[in-house]
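Q: I have a model open and would like to learn how to read the surroundings of a ligand and the empty spaces in a protein. Could you walk me through it?

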Amino acid sequence: MSGLRFLTAGESHGQCLTAIVEGIPAGLSVDIEAINGDLARRQQGYGRGGRMKIETDKAEVTSGIRFGETMGDPITLRIVNKDWQNWTDRMSVFGSEYGDKVTAVRPGHADLTGVLKYNRDDARDILERASARETAARVAVGGLCKEFLAACGIQVVSHVVKIGGVAVDEARINREEIGSGSSELNCYDAVAEEAMKQRIQEAMAQGDTLGGVFEVIVRGAPLGLGSHIQWDQRLDGKLAAAMMAIQAIKGVEIGAGFQCGELPGSEIHDEMFLSQEGHVYRKTNRAGGLEGGMTNGEEIVVRACMKPIPTLMKPLHSVDIAQDKEVLACKERSDVCAVSAASVVGEAMTAIVMAQAVLDKFGGDAMCDLLANMESYRARVQG
Ligand code: EPS
């Protein structure tokens with residue numbers, strides 16, 4: 001188990017979301033505004049629902065940081081749900097039951113399996129925690145990890161590459177710009193972004209929802225994070241698991257991903273060359289920065305595919321668990337498309353796994369020890 005771990009708590013319409021993060025070394029300067037900047041990015045995005053107009057997500061630190069620096073203690077982050085004010089009756093902690101139960105379960109959602117597994121008669125008991133609202137807490141944790149990684153010279157960025165079948169044209173994207181802007185859909189191809197917005201408008205008019213694909217890029221990671229020695233030390237496996245554990249993600253690719261199943265080895269593997277200074281380099285990065293479960297020094301490139309949100313304003317055929325009859329699924333306020341929000345969550349999950357990998361390799365209770373270890377290692381392997 002990695003030295004860095006975290007837990008989140010909180011329901012979508014409860015009082016707040018909480019995360020406890022343990023394992024960040026002492027001596028890291030933390031800028032809360034950087035974390036809040038990521039929380040704001042998660043909230044934006046064309047196609048998001050009414051909830052984002054209610055919330056202004058801000059992380060509050062209630063333990064683990066003193067005078068702006070970590071002490072090695074568990075760090076507690078809290079994000080208030082402003083919307084809770086409107087849910088005090090339905091989400092009361094000790095009050096009496098509220099009549100309005102959710103029983104027309106939604107296809108594609110945790111509703112049905114959750115009520116059966118946990119023996120509940122109201123799908124609200126399931127959907128409140130299954131909601132992607134929980135990802136705000138993960139983005140706060142990821143923000144903290146991004147600050148830790150930045151101190152180690154590692155940067156994590158993301159961009160949206162497809163929404164509802166509308167894809168970016170790689171030729172129109174300047175990859176160096178990724179992470180610098182604040183486009184509404186976190187997309188760096190302006191032409192595709194306009195077409196994506198149009199597609200979202202159409203889906204909204206039809207009472208439908210849309211999924212898509214986003215890409216997370218890690219820059220500056222030293223080679224040799226992760227290991228080929230055991231299955232559970234392979235960093236590609238950890239990154240894929242973390243990405244797949246984001247609500248609504250149905251597919252993950254690293255580098256050329258599924259294309260590897262189509263092309264011959266001669267068109268997939270990244271050939272190696274020697275620079276004049278004697279450094280090994282590659283002209284391509286189809287491995288996505290990972291070979292043998294280890295970082296190879298190139299950019300890490302991970303893509304994830306998000307399914308369309310299961311709450312449809314033109315609901316799908318389903319069943320009512322209270323009446324045992326076929327009905328149309330329930331409608332709740334929701335988003336038409338949340339792929340850009342998911343891309344920020346993808347950054348956060350990637351940052352958490354990368355921070356774990358750095359701590360596994362370089363250890364250290366104090367930042368100064370970790371950075372010294374890392375510097376001497378980088379000097380050895382990079383020559
Ligand atoms: C979300 C908050 C939710 C939804 C969305 C994500 O707010 P509410 O349910 O109050 O409208 O906008 O949640 C879902 C898509 C889901 O399936 O639960 C958020 O903060 O990201």
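Q: Which residues around the ligand come nearest?

A: Happy to help, and keep in mind that this is a predicted model. A good start is to list the residues with a heavy atom within 4 Å of the ligand. Here there are 13 residues around the ligand, and His13, Arg42, Arg48, Arg51 and Arg333 come nearest.

Q: How do the residues of that shell divide into nonpolar, polar and charged?

A: The shell around the ligand has 6 charged, 4 polar and 3 nonpolar residues.

Q: What is 2.6 Å from an N or O atom in the side chain of His13?

A: For polar contacts, look for pairs of N or O atoms within 3.5 Å. In the case of His13, the partner of that side-chain atom is an oxygen atom of the ligand. Arg333 also has a side-chain N or O atom 2.6 Å from a ligand oxygen, and for Arg51 a polar side-chain atom lies 2.8 Å from an oxygen of the ligand. The protein buries 92% of the 470 Å² that the ligand exposes when taken alone.

Q: Where does the ligand sit?

A: Rolling a probe the size of a water molecule over the atoms shows where empty space is left. In this model, the ligand sits in the largest pocket.

Q: How many cavities of 30 Å³ or more does a search of the whole structure find?

A: The search finds 3. The largest cavity has a volume of about 70 Å³, and its lining includes Arg41, Glu184, Tyr188 and Val344. By class, that lining has 6 polar, 2 nonpolar and 2 charged residues.

Methods
Residues are numbered from 1 along each chain as its sequence is written. This is a predicted model: local features need pLDDT of at least 70, side-chain atom pairs count only at pLDDT 80 or more; totals for chains, interfaces and linings use all residues. Side-chain values use heavy atoms; hydrogens and water are left out. A polar contact is a pair of N or O atoms within 3.5 Å; within protein, one must be able to donate a hydrogen and the other to accept it, and residues adjacent in sequence count only if both atoms are side-chain atoms. Accessible areas come from the Shrake-Rupley method with a 1.4 Å probe; for residues, only the protein chains shown count as cover. On a 1 Å grid over the protein atoms alone, a cavity is a set of points where a 1.4 Å probe fits but cannot get out, and a pocket is an open set with protein on both sides within 12 Å along at least five of seven lines; lining residues have an atom within 4 Å of a point. A molecule sits in a cavity or pocket if more than half of its atoms lie within 2 Å of its grid points. Ala, Val, Leu, Ile, Met, Phe, Trp, Tyr, Cys and Pro count as nonpolar, Asp, Glu, Lys and Arg as charged, and the others, Gly among them, as polar. Grid points are joined across faces, edges and corners, and a volume is the space filled by probe spheres set on the points.
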